[in-house]
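Student: I have a new structure open and I would like to learn how to read it. Could we go through it one feature at a time?

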Amino acid sequence: MLYINGTWQSTEQETKVYNPADGTEVGKAAYGGETETEQAITAAHEAFGHWRQTTGNERSRCLRALAEALRTDRREIAITATKEMGKPLGEAEREVDISIDYLEWYAEEAKRVYGEVLPSSDPSKQLLVLRQPIGVTAAITPWNFPISMIIRKLAPAIAAGCTMLIKPAPSTPLTAIRLFTCIDRSGFPPGALNLLHGDAEAIGGTMTSNALVKKITFTGSTAVGKQLIRQSAEHVQKVSMELGGHAPFIIFDDADLDEAVAAVVASKFRNTGQTCISTNRIYVHEEVVEVFSKKLAAAVESITVGNGMEEGIDMGPLISQEALDKVAQQVKEASKQGAVITQGGHTMLNRKGYFYQPTVLTGVTETMTIAQEETFGPVAPIFVFTTEQEVIEQANDTPYGLASYCFTKNMDRSLRMMYQLDYGMVGMNDAAFVVPQAPFGGVKQSGIGREGGTSGLHEYLEEKYVSMRAA
Ligand code: ADP
């Protein structure tokens with residue numbers, strides 16, 4: 001179902017959704033296009049007229065009510081997400097929890113959209129900066145975090161006083177519908193939040209060709225992000241882009257290796273490696289590479305793979321056959337070029353679904369595809385380095401710049417590393433840094449803008465400068 005102007009709406013055409021863990025049908029979703037997107041834009045535009053006048057307290061109450069609704073429906077939402085995209089149920093529940101954190105944080109921020117009074121250059125003038133909501137915004141989201149990717153966009157938009165159209169990924173429409181049943185009972189006025197699924201190109205094209213839409217916020221591949229940036233040029237719409245990554249994870253010889261192993265496992269195998277901040281290149285100092293590689297292989301061997309609905313599962317399937325083929329191809333190619341598979345390395349053919357073994361590769365070099373392209377799968381490639389300068393150059397040698405990780409106990413080196421890594425985010429001895437109060441985002445081709453924190457709120461506000469002279 002679509003949700004437009006506070007009403008559920010079906011379409012003639014429908015698409016089926018399948019469980020990547022076993023190929024069973026999970027449900028059906030409506031399939032909308034240009035007409036429905038135009039309807040949603042009109043609804044969001046009309047709603048904006050009133051919504052922009054509301055107080056921060058009023059918008060805060062809606063966000064809080066939504067947080068409560070998510071708390072009540074936590075398990076149901078998580079089950080839908082697990083069935084649609086495969087992650088273990090516990091992980092899906094944690095995704096609901098972090099989404100609640102975002103909602104509650106922005107419920108507070110809604111009350112703190114401050115303007116400024118600037119020191120004047122002329123005693124007869126008052127210089128003011130107003131911060132006002134941008135207007136109708138449009139969000140396009142991916143399947144890997146089908147709950148939090150939506151919430152991370154709508155929470156600051158609503159806090160700022162914007163209205164929004166949301167188009168989730170075609171593989172996870174049902175989780176979005178589940179979220180919208182929560183939105184439906186949280187007191188938002190009709191048109192404030194609208195749900196669309198269907199023809200991505202038509203929906204995206206309508207969002208960018210209609211001048212009433214003032215901002216596009218997108219999380220997904222760099223290729224689609226670039227296309228949307230091009231399209232948004234027509235009406236000079238604002239854009240926020242969370243695109244691909246190719247995260248380096250650097251381990252110096254003085255690092256706590258057990259902690260580093262645990263952090264690599266978390267950042268590489270969580271969500272089956274399908275996150276934009278997943279570790280993609282593990283650089284280990286030559287003095288410790290052997291010990292580290294053994295420890296990592298042992299830890300990876302103990303990862304339990306299976307259907308996320310079952311008890312005790314650490315890692316689910318990949319999202320699709322295409323994703324599975326890509327991972328298998330990268331491993332095959334690396335191994336042909338001299339990398340050694342020390343753990344895993346195969347598609348799990350003994351079961352239905354898109355399962356790939358958690359894999360560790362050693363002896364990986366910069367020219368292999370896995371060193372250049374995002375894997376989006378459960379493969380940990382290990383590179384060896386000797387000097388700090390060399391590893392900084394290698395880590396930065398990519399068009400991406402989202403997340404990076406560095407493990408060392410040396411404070412001077414930590415300071416040097418955090419300044420020299422060309423990334424939007426640096427985890428220093430930390431691989432679990434996503435929190436609502438922090439700005440999440442990338443540099444280079446990893447994106448534009450930030451989600452989370454005060455910066456995340458400002459993405460949905462326009463500054464208006466007023467110079468007021470006493471008449
Ligand atoms: P992924 O490879 O993670 O699926 P995509 O960038 O293909 O990443 O998809 C992310 C989101 O972008 C999804 O919601 C998808 O439907 C949407 N999308 C894909 N192509 C387009 C397009 N041409 N215009 C607008 N949205 C698109």
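Student: Which residue takes a positive phi in the hairpin of strand 3 and strand 4?

Tutor: Keep in mind that this is a predicted model. In that hairpin, which has 6 residues between the strands, the residue is Gly23, with a phi near 80 degrees. The two strands beside the turn, strand 3 (residues 14–18) and strand 4 (residues 25–30), pair in the antiparallel sense over 5 bridges. To follow one bridge, start at Val17, whose partner in strand 4 is Gly27.

Student: Where can I find a positive phi in a residue other than glycine?

Tutor: Here is the general idea first. Most residues other than glycine have a negative phi. Now the case here: Asn5 has a positive phi, near 55 degrees. Asn5 sits in the loop between strand 1 (2–4) and strand 2 (7–9). Another example is Asn429, whose phi is also positive and near 55 degrees. Asn429 belongs to the loop between strand 18 (425–428) and strand 19 (447–448).

Student: Is Asn429 buried, exposed or partly exposed?

Tutor: Count the C-beta atoms around the residue: 20 or more within 10 Å means buried, 12 or fewer means exposed, and partly exposed is in between. Asn429 has 15 other C-beta atoms within 10 Å, so Asn429 is partly exposed. Asn5, with 17 other C-beta atoms within 10 Å, is partly exposed as well.

Student: What is Val434 placed beside, although far away in sequence?

Tutor: For this kind of reading, set the separation along the chain against the distance in space. Val434 and Ile98 are 336 residues apart in sequence, yet 8.9 Å apart in space, C-alpha to C-alpha. Val434 lies in the loop between strand 18 and strand 19. It is partly exposed, because 19 other C-beta atoms lie within 10 Å.

Student: Why does Met149 count as buried?

Tutor: Use the count again. Met149 has 25 C-beta neighbours inside 10 Å, so it counts as buried. Met149 is part of helix 5 (residues 148–160). Leaving out residues up to four places away in sequence, Met149 touches Thr141, Pro142 and Thr219. Glu95 is 54 residues from Met149 in sequence and 9.6 Å from it in space, C-alpha to C-alpha.

Student: How do I read a strand with both faces covered?

Tutor: Look at which residues point to each side, then check whether they are buried. In strand 15 (residues 359–362), Thr359 and Leu361 are on one side and Val360 and Thr362 on the other, and all are buried. Next, look at the neighbouring strands. Strand 14 (residues 340–343) is joined to strand 15 by 3 bridges and runs antiparallel to it, with Gln343 opposite Val360. Strand 16 (residues 379–385) is joined to strand 15 by 3 bridges too, but these two run parallel. There, Thr359 has Val379 as its bridge partner.

Student: Which domains is the protein divided into?

Tutor: There are two entries to mark: domain 1 (2–243 + 446–466) and domain 2 (247–428). Their centres, taken over C-alpha atoms, are separated by 31 Å. Where they touch, 17 residues of domain 1 are in contact with 22 residues of domain 2. On the domain 1 side, helix 3 (74–85) and helix 4 (89–109) each supply at least two residues, and helix 3 gives the most, with 3. By class, the residues of that side are 6 nonpolar, 6 polar and 5 charged.

Student: Where does the largest nonpolar core lie?

Tutor: The general idea comes first again. In soluble globular proteins, nonpolar side chains tend to be buried together. Here the largest nonpolar core has 141 residues, and those with the most contacts inside it include Leu63, Leu103, Met164 and Ile250. Both domain 1 and domain 2 give residues to this core, so it lies between them. Ile250, leaving aside neighbours within four places in sequence, is in contact with Tyr283, Val391, Ala395, Tyr405, Cys406 and Phe407.

Student: How many residues surround the ligand?

Tutor: The shell has 13 residues, and the closest are Ala200, Gly204, Gly220, Ser221 and Val224. Helix 7 (200–209) and helix 8 (222–232) are the elements that give two or more residues to this shell. Helix 7 gives the most, with 3 residues. Sorted by class, the shell has 6 nonpolar, 5 polar and 2 charged residues.

How values were computed
Residues are numbered from 1 along each chain as its sequence is written. This is a predicted model: local features need pLDDT of at least 70, side-chain atom pairs count only at pLDDT 80 or more; totals for chains, interfaces and linings use all residues. A residue is near a molecule or strand if its C-beta atom, placed from the backbone, lies within 6 Å of it. Helices (H or I, at least four residues) and strands (E, at least two) are DSSP runs, numbered from the N terminus. Ala, Val, Leu, Ile, Met, Phe, Trp, Tyr, Cys and Pro count as nonpolar, Asp, Glu, Lys and Arg as charged, and the others, Gly among them, as polar. Two strands pair if DSSP finds at least two bridges between them. A nonpolar core is a set of buried Ala, Val, Leu, Ile, Met, Phe, Trp, Tyr and Cys residues joined through C-beta atoms within 7 Å. Domain bounds come from an automatic or database domain assignment. Two residues are in contact if their C-beta atoms, placed from the backbone, lie within 7 Å.
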